[in-house]
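Biologist: Please take one part of this model and look at it closely. I would like the sheet, strand by strand, and then whatever else helps me find my way around.

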Amino acid sequence: MELGARAYDIVIGRGVLNQAGEHLSARLPGARVAIITDDTVAGIHLPALAASLDAADIGHTAITVPAGESSKCFAQFERLCDAVLAARMERGDALVALGGGVVGDLAGFVAASVRRGMAFVQIPTTLLAQVDSSVGGKTGINSRHGKNLIGAFYQPTLVLADTAVLDTLPGRDFRAGYAEVAKYGLLGDAGFFAWLETNWRAVFAGGPERDEAIARSCQAKADVVVEDERESGRRALLNLGHTFGHALESAVDYATERLVHGEGVAIGMMLAHEYSARLGLIGADVVERVRVHLTEVGLPTRIDQIPGQMPPADTLMDIIAQDKKVSRGALTFILSRGIGDAFVEKGVEAAGVRAFLEEKLAR
């Protein structure tokens with residue numbers, strides 16, 4: 001990631017986790033490490049990381065949080081800050097996030113806050129985290145008012161994406177992460193989306209196509225972040241599907257048995273393309289192409305595929321009004337002029353979105 005003095009490497013490949021100690025000692029000589037992970041990932045991948053750090057003679061301690069979106073909260077943030085300080089970690093030491101997007105976002109906010117900033121290393125263990133949340137420097141926690149509303153822009157020192165650890169992911173979680181991969185094609189690279197339509201099965205199977213998909217996704221995100229690090233303009237494109245998706249996640253109170261983030265993004269991307277068609281920006285053929293691919297890989301594309309009762313459109317609109325892209329009360333959505341041609345539309349009329357959601361909820 002080319003960000004001047006804050007540039008960092010993104011290392012992608014099978015077996016990278018076992019080389020973590022070498023990478024850390026090369027970039028952060030003499031640093032001790034506090035590993036923040038969740039109780040699920042700790043039982044699967046923490047031993048390998050600890051062994052790698054031991055082999056490099058790097059002192060380390062591990063702090064765990066409960067798995068799931070509910071850990072992105074004030075209580076866990078406070079507990080982790082206290083635990084890092086109790087471990088006598090210094091500003092020159094490092095925090096390592098070992099886990100998915102929840103762990104990465106939470107640990108990154110801790111790293112940005114403790115001692116006003118510590119070195120931060122991302123070791124993402126989900127597809128979603130490897131292609132999205134581990135890259136770009138967004139950190140934070142959720143509020144009762146919405147998702148990711150409290151946090152900081154804080155770039156990592158290093159990202160280690162071991163594609164082999166994805167072999168342990170449940171199918172649902174891998175599919176959810178794939179929604180973010182498809183997003184990069186839909187927002188700015190029609191050729192990549194066409195490549196995914198042909199090669200998605202190999203990506204799921206774990207061959208070299210998986211590494212290529214992750215590398216192309218990371219490069220796509222890096223290109224945008226370098227141009228607009230703090231989301232004052234073009235970086236908002238990376239939120240394709242997220243305004244609708246975050247509202248749906250909040251509406252189910254982040255209950256992962258009903259909806260996980262990538263599923264919300266998939267439905268959100270579908271809604272964004274359907275709304276674009278309603279505005280006359282794209283044809284039904286584009287909408288259908290998006291629907292076919294997301295459905296083919298096993299992702300939901302409709303609100304009525306979310307288990308349980310959904311709240312009315314007015315409730316979803318209240319959540320959308322708290323979206324980070326809202327400016328002086330005006331709604332901003334990422335819409336589409338075609339595959340690979342997303343754009344930021346400011347001042348979207350709320351009444352039109354409300355009527356659209358009412359129609360979708362009535363199905």
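Modeller: Strand 2 (residues 33-38) and strand 4 run parallel, joined by five bridges. Val-33 stands opposite Ala-94 in strand 4. Keep in mind that this is a predicted model.

Now stay with strand 4. Strand 4 covers residues 94-99 and runs parallel to strand 5, with six bridges between them. Look at Ala-94 again. In strand 5, its bridge partner is Ala-119. Move along to Leu-95, and the bridge partner in strand 5 is Phe-120.

How many of the six residues of strand 4 are buried? Six of the six are, so by the cut-off of under 20% relative accessible area strand 4 is mostly covered. Both faces take part. On one side sit Ala-94, Val-96 and Leu-98. On the other side sit Leu-95, Ala-97 and Gly-99.

Strand 5 spans residues 119-124, and six of its six residues are buried. Ala-119, Val-121 and Ile-123 point one way. Phe-120, Gln-122 and Pro-124 point the other way. Every one of these residues is buried.

Step back to see the whole sheet. Six strands make up an open sheet, and their order is 1-8-5-4-2-3. The pairing is parallel. Which strands stand at the edges? They are strand 1 (9-13) and strand 3 (60-65). Each has a single partner strand, so one side of each is left without a neighbour in the sheet. From one strand to the next, the twist averages 15°.

Take the edge at strand 1. Strand 1 pairs with strand 8 (residues 158-162) in the parallel sense, over five bridges. Find Gly-13, and its bridge partner in strand 8 is Asp-162.

Now take the edge at strand 3. Ile-63 is found there. Is Ile-63 buried or exposed? Ile-63 is buried, with a relative accessible area of 9%. Pick out Gly-108 as well. Ile-63 and Gly-108 are 45 residues apart in sequence, and their C-alpha atoms are 14 Å apart in space.

Next, follow the chain into strand 5. Between helix 4 (101-113) and strand 5 there is a loop, and Arg-116 lies in it. The phi of Arg-116 is near 60°. That is a positive value in a residue other than glycine. Why pause on it? Most residues other than glycine have a negative phi. Arg-116 also counts as exposed, at 76% relative accessibility.

There is another such residue to find. Asp-253 is not a glycine, yet it has a positive phi of about 60°. Its place is in the loop between helix 9 (242-251) and helix 10 (261-278). Asp-253 counts as exposed, with 62% relative accessibility.

Helix 6 (residues 171-188) gives you another landmark, Ala-176. Ala-176 is buried, with a relative accessible area of 4%. Compare its place in sequence with its place in space. Ala-176 and Leu-299 are 123 residues apart in sequence. Their C-alpha atoms are 7.1 Å apart in space.

What about the cysteines? The count of disulfides is zero. Start with Cys-81. Its sulfur is 12 Å from the closest cysteine sulfur, in Cys-73, and that is too far for a bond. A disulfide needs the two sulfur atoms within 2.5 Å. Cys-81 counts as buried, at 13% relative accessibility. Cys-218 is buried as well, with a relative accessible area of 4%.

Finish with the space inside. The model has five cavities of 30 Å³ or more. Look at the second largest cavity, which holds about 50 Å³ of space. Which residues line the second largest cavity? They are Leu-271, Glu-274, Thr-301, Arg-302, Ile-303, Asp-304, Lys-360 and Arg-363. Sort that lining by kind. Two of the residues are nonpolar, one is polar and five are charged.

To retrace the route, begin at Val-33 and cross to Ala-94 in strand 4. From Ala-94, go on to Ala-119 in strand 5. Then work outwards to the edges, strand 1 and strand 3.

Key: Residues numbered from 1 in each chain as written. Predicted model: local features only at pLDDT ≥ 70, side-chain atom pairs only at ≥ 80, totals over all residues. Heavy atoms only, no water. Buried < 20%, exposed > 50% of the residue type's maximum accessible area, 1.4 Å probe, protein only. 1 Å grid on protein atoms, 1.4 Å probe; cavity = no way out; pocket = protein on both sides within 12 Å on 5 of 7 lines; lining within 4 Å. Points joined across faces, edges and corners; volume = space filled by probe spheres on them. Nonpolar A, V, L, I, M, F, W, Y, C, P; charged D, E, K, R; others polar. Pairing = 2+ DSSP bridges. Helix = DSSP H or I, 4+ residues; strand = E, 2+ residues; numbered from the N terminus. Axes fitted to C-alpha atoms, helices over the stretch in contact; angles between N-to-C directions.
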